[in-house]
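I sat down with this one over coffee and kept short notes as I went. Here they are, in the order I looked things up.

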Amino acid sequence: MLFSYRWLQEHFDDPLPNPQELADYLTLHSFEVESVAEEKDDFVLDIDILPNRSSDCLSHEGVAKEISVLFEKKTKTPEHFQIQEIESKPTKLQISVEDSKLCPRYIGRKVSRITVAESPLWMKEKLQAIGQKSINNIVDATNVIMYETGQPLHAFDADKLDGEKIFVRLARSGEKITTLDGKEVPLDENTLVIADAKDPLAIAGVKGGKKAEVDKNTKNIVLESANFHPTNIRKTSARVNIRTDSSKRFENEVPLKVAEEGMETVSSVLLKLHQNSGSDKEQPIFEEKIDIYPEKYRQIKISVNPSRVSDILGVEISEDVLEETLHRLEFPYEKTNVIQKMLDLAPKYAGTKYAYGADQSTGKTEPKSFDSSSLIQFLFAEAGMLVPRLAVDQYFFGEEVAFADMLPGDVVFSNAAEEQIYFKSVHFLPGKELPEGVDHAGLYLGEGNILHTSREQQKAVIEKMKESKQFKKVVGVRRMADPHKERWLVSVPEHRLDLERPEDIVEEIGRIYGYEKISAKPLPTETFSPKIHRLFFAVNKIRNILFTLGFSEIYTHTLQRKGDVRVANPMAQDKAFLRTSLLENMQKSLDLNEKNAPLFGEEVLTLFEIGIVFPEGKEHTALAIGIRDTKRKKQQRAEEIFQKVEEGFQEAFGKKLPHREGETVEINLDEFIADIPEKFSYEDVLEKKAAGEKYESISSYPFLLRDIAVFVSEGEDAFEILRLISEEGKDLLVRTTLFDIFEKTFEDGLKKTSYAYHIVFQAKDRTLSDEEANRIMDQVTKRLNEKPGFSVR
Amino acid sequence: MREEEKLGHLHPITIIIREITALFTELGFEVASGPEIEEEYYNFDALNVPKDHPARDMQDTFWLPSSADSFRPDETDLKQKNYQKRLLRTHTSPVQVRYMETHEPPFQIIVPGKVYRYEATDATHETQFHQIEGLVVGKNLSLANLKYVLQALLKKLYGEEINIKLRPGYFPFVEPGVEIDMQCFRCKGAGCTSCKESGWIEILGGGMVHPAVLENVGIDPRKWRGFAFGVGVERLIMLKYGVEDIRMFYTGDLRLVNQF
């Protein structure tokens with residue numbers, strides 16, 4: 001997301017560090033700033049906010065808050081966004097939310113007598129700074145406040161509604177909506193819409209509709225500041241193929257409280273806009289807001305063992321640093337003991353309604369009812385400890401305690417034969433067996449008392465364990481936490497939805513403290529004896545054999561135009577299938593390299609590839625070998641090379657290779673190596689064997705081939721030929737290959753040796769002309785002929 | 001001008017994988033591997049990347065036809081993985097899960113392998129590339145150990161004088177998560193074209209194994225701790241040798257291979 005430096009500065013009285021310094025610091029401690037660009041009298045920071053911080057930092061306010069933590073500067077609300085007391089009139093607007101899971105909060109407010117006009121300069125500048133268009137004052141206000149607070153907002157033209165009631169409901173089959181940009185989008189029963197009595201007005205959280213669009217004649221509006229379920233928005237946005245700044249925020253989960261901030265801010269901004277417009281027009285009338293918010297947010301608490309912070313980070317974090325960092329983060333905390341904390345809370349929950357159900361996991365809203373294990377989970381969560389949801393998993397999570405040693409705070413498990421009985425752990429360390437079975441759990445309070453949910457009384461009760469029917473068949477007692485150890489119970493502020501576990505707090509401490517302060521430490525010695533990977537050994541052994549014989553290794557593409565398995569979403573038609581064999585690519589590679597053979601100075605191309613192939617959808621590792629004699633006349637040369645390969649394999653593995661047909665052969669290596677003896681070392685197969693240290697880019701222009709043969713008299717240094725060629729050819733000379741030598745005694749008795757070379761010329765930046773190559777060759781010929789003892793044939 | 005060659009040429013991907021594997025086997029790591037056709041469970045769910053979570057967008061996926069689409073799972077069937085959709089693995093991390101499911105800690109493994117991403121190709125992006133994954137699970141591991149191992153890796157490839165720095169990163173399967181930057185080995189931090197004038201090159205990702213990942217594979221995170229890291233092989237080669245275009249690695253072109 002783009003952030004305006006000036007806009008961020010408005011959150012502080014103190015001056016911020018300069019933009020680049022700020023960017024570097026954020027990158028080192030929070031998230032990556034990808035670029036800093038100067039724009040007019042501002043700087044734009046492009047910050048890569050990843051999903052973990054998308055619920056609090058896709059907004060200027062959020063990033064300002066982050067800056068305040070890092071630089072220990074106090075934040076303030078920028079003047080334009082300050083919330084004002086608004087005098088509001090009674091409202092006739094009605095809102096109905098069909099499913100509060102899909103829409104956990106909906107705040108609506110009617111505002112009458114507004115004037116749609118051009119936006120004020122400050123608003124236009126803010127939007128422009130982060131690359132957004134200005135539309136009109138109403139739409140801009142909702143947008144600018146989203147970039148400020150992270151809360152997506154929407155304004156409907158109230159006069160275009162059928163009726164005075166807003167419905168938040170699932171779309172009906174066959175319903176359609178025309179979006180603001182004029183696209184007709186078919187809706188289905190999983191799509192949440194905002195509707196009036198007749199039609200959908202918006203795809204909830206994704207895109208507004210045409211019907212109630214705010215236009216230049218709009219006089220009365222309904223403002224929406226709502227919260228929608230992340231998964232539903234994500235699925236809808238994918239299905240209708242519309243991604244907006246709004247849907248992006250909702251699918252990353254927006255904190256519930258921000259809806260209120262959004263509504264208050266947009267109301268205040270609209271009020272001020274009209275007050276400042278200076279005209280003698282009547283001021284807008286704000287009606288009371290309607291806030292549908294049935295399930296209140298539950299604050300997350302995390303208990304942290306301070307010594308674990310240092311253990312995980314690998315650097316000593318003193319309790320002072322820990323305290324200071326929590327202060328900077330504004331995370332309230334208390335030093336307490338999990339068990340004691342929980343026992344203090346427990347009695348309050350006696351009397352809470354009982355309901356059996358899997359959807360009662362302790363989460364981010366206050367529970368209204370419990371079953372036996374969700375009550376346990378909730379109580380521990382309130383004391384900062386994450387225990388599993390199911391009784392059977394809790395059983396395996398806790399430490400075993402003998403019945404006689406039971407202490408207050410221990411959890412008693414039983415088979416009450418009332419609910420689904422589990423005999424195996426499901427989520428926590430799955431698959432552990434408990435033959436007695438468990439379906440019930442209670443919290444031991446001491447003196448024979450237990451807190452648990454009574455099915456009979458349909459509520460949580462405290463009673464004598466001995467008298468409870470549900471604890472007739474106790475299967476075990478478990479201790480979830482050390483009753484004597486002090487921990488730090490951290491309360492996570494609502495805007496940090498990403499923090500759930502102690503490790504999350506460790507990360508907060510570590511990144512603010514600075515990972516750069518961690519010094520490297522060698523691995524502790526562990527009792528682990530690594531095995532040799534049979535296939536990895538074998539493929540590298542094979543590479544060595546072929547390397548020694550002069551082969552070149554290629555890697556090619558797995559995705560091809562033919563095969564047995566088609567990917568569901570191919571990038572291109574010729575890359576739609578998984579290869580079933582390496583041979584097609586091997587042929588292509590031989591063809592390609594034959595054209596360039598003079599560049600390598602080899603008449604016989606010898607290639608191999610080792611890779612995974614997918615015949616009939618099953619995968620195995622294959623080896624392909626390709627040998628091509630580009631001269632074709634001497635077929636036995638290829639034959640000889642293959643024989644050497646066979647000998648190499650025979651020697652290394654004591655096994656024969658399958659017969660080669662034509663130029664290529666493919667071997668299923670999984671099968672080939674299945675019976676080779678186990679290895680106890682990697683021997684020489686991890687040797688690097690690299691010739692080059694630096695890569696030179698490949699010219700995309702054609703090369704030219706020339707030959708030269710020179711007689712050199714006895715006693716002269718034949719290297720002179722290469723030296724001259726190199727001097728004349730300069731950068732254009734790519735390769736020289738000696739292809740023929742013979743001696744001849746001339747009639748005059750002089751002994752001369754003939755040297756014949758292939759010479760390859762190529763330019764990196766252009767197509768080399770024949771004339772250019774000829775000129776070089778003429779020059780070489782001329783200079784050689786001038787030398788005593790040399791004559792070009 | 002080049003001299004005549006007698007020996008052959010290993011592909012640079014092989015060369016770098018060997019160099020790194022040699023280092024890690026010296027440090028007592030075991031080589032592990034896993035399938036390229038992977039189940040959604042191993043590639044995502046078990047790694048704490050739930051369905052319909054925005055974190056899935058960080059790795060665009062090639063999906064494969066499911067062999068059992070009609071089978072409808074319910075919550076308690078989570079471990080019955082035969083209903084899972086199949087895909088081309090987007091990272092080598094599923095091998096972590098497969099290894100941890102079948103081995104008792106402590107262990108330390110290194111996983112070289114090919115991975116696939118559904119994304120448009122250009123000079124620095126290919127739909128297939130190689131990764132090397134490392135995983136260590138033991139008793140008293142920390143970010144300081146991770147730093148040690150990665151420093152050793154980068155020194156081996158780019159020279160002893162290289163510096164690295166850790167900064168916050170986000171990968172759902174680690175917590176804390178870090179990105180590792182290496183001081184540019186060309187300009188030694190002064191800023192050049194290789195490092196986009198920043199003096200630093202983003203090169204690796206890693207962190208402490210997320211406790212949820214350990215729980216999923218049956219390892220008690222209160223008793224064991226781990227760290228993991230991953231690195232793109234082609235990127236290492238491009239930086240080390242100056243290869244400009246990642247697509248060159250898969251053309252079967254000896255004009256590239258025979259330079260190594």
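**Entry 1: a loop proline in chain B.** I began with B:Pro106, which sits in the loop between α3 (93-102) and β5 (107-116) of chain B. Helices (H or I, at least four residues) and strands (E, at least two) are DSSP runs here, numbered from the N terminus. B:Pro105 and B:Pro106 are joined by a cis peptide bond, with omega about 0 degrees. A second cis bond turned up between B:Glu175 and B:Pro176, where omega is about -5 degrees. B:Pro176 belongs to strand β8 (residues 174-183) of chain B. I noted these because most peptide bonds are trans, and most residues other than glycine have a negative phi.

**Entry 2: ground rules.** I reminded myself that this is a predicted model, in which local features need pLDDT of at least 70 and side-chain atom pairs count only at pLDDT 80 or more, while totals for chains, interfaces and linings use all residues. Residues are numbered from 1 along each chain as its sequence is written, and chains are lettered from A and ligands numbered from 1 in the order in which they are written.

**Entry 3: positive phi in chain A.** A:Arg113 has phi near 60 degrees, a positive value in a residue other than glycine. I found A:Arg113 in the loop between β6 (105-112) and α5 of chain A. Next I asked how buried or exposed it is, using C-beta atoms placed from the backbone: buried means 20 or more others within 10 Å, exposed means 12 or fewer, and partly exposed is in between. A:Arg113 has 13 other C-beta atoms within 10 Å, so it is partly exposed. A:Glu447 also has a positive phi, near 50 degrees. The loop between β25 (440-446) and β26 (449-454) of chain A holds A:Glu447. A:Glu447 counts as exposed because it has 7 C-beta neighbours inside 10 Å.

**Entry 4: chain A as a whole.** I counted up the secondary structure of chain A: 22 helices and 39 strands. Its radius of gyration (taken over C-alpha atoms) is 38 Å. The globule rule (2.2 Å times the number of residues to the power 0.38) gives 28 Å for 793 residues, so chain A is more spread out than a compact globule. The C-alpha atoms fill a box of roughly 125 × 80 × 60 Å along the principal axes. Of the 793 residues, 41% count as buried.

**Entry 5: where the chains meet.** How many residues of chain A are in contact with chain B? I got 99 residues of chain A against 81 residues of chain B, where contact means C-beta atoms, placed from the backbone, within 7 Å. Helix α16 (residues 534-548) of chain A gives the largest share of chain A's side, 7 residues. By class, that side has 46 nonpolar, 30 polar and 23 charged residues. Here Ala, Val, Leu, Ile, Met, Phe, Trp, Tyr, Cys and Pro count as nonpolar, Asp, Glu, Lys and Arg as charged, and the others, Gly among them, as polar.

**Entry 6: a helix covered by both chains.** In helix α2 (residues 19-29) of chain A, the buried residues are A:Pro19, A:Leu22, A:Ala23, A:Leu26, A:Thr27 and A:His29. Their cover includes α1 (5-9), β2 (32-39), β3 (42-48), α4 (60-71) and α15 (502-513) of chain A, together with β7 (164-168) of chain B.

**Entry 7: a helix in chain B.** Which residues of helix α6 (residues 233-241) of chain B are buried? I listed B:Val233, B:Glu234, B:Arg235, B:Leu236, B:Ile237 and B:Met238. The buried residues of α6(B) pack against α1 (12-26), β6 (128-138), α4 (143-158) and β10 (225-232) of chain B. Just after α6(B), B:Gly242 takes a positive phi of about 80 degrees.

**Entry 8: towards the end of chain A.** I closed with A:Gly789, in the loop between α22 (770-786) and β39 (790-792) of chain A. A:Gly789 has 15 C-beta neighbours inside 10 Å, so it counts as partly exposed. Leaving aside neighbours within four places in sequence, A:Gly789 is in contact with A:Val712, A:Ser713 and A:Glu716.

Methods:
Two residues are in contact if their C-beta atoms, placed from the backbone, lie within 7 Å.
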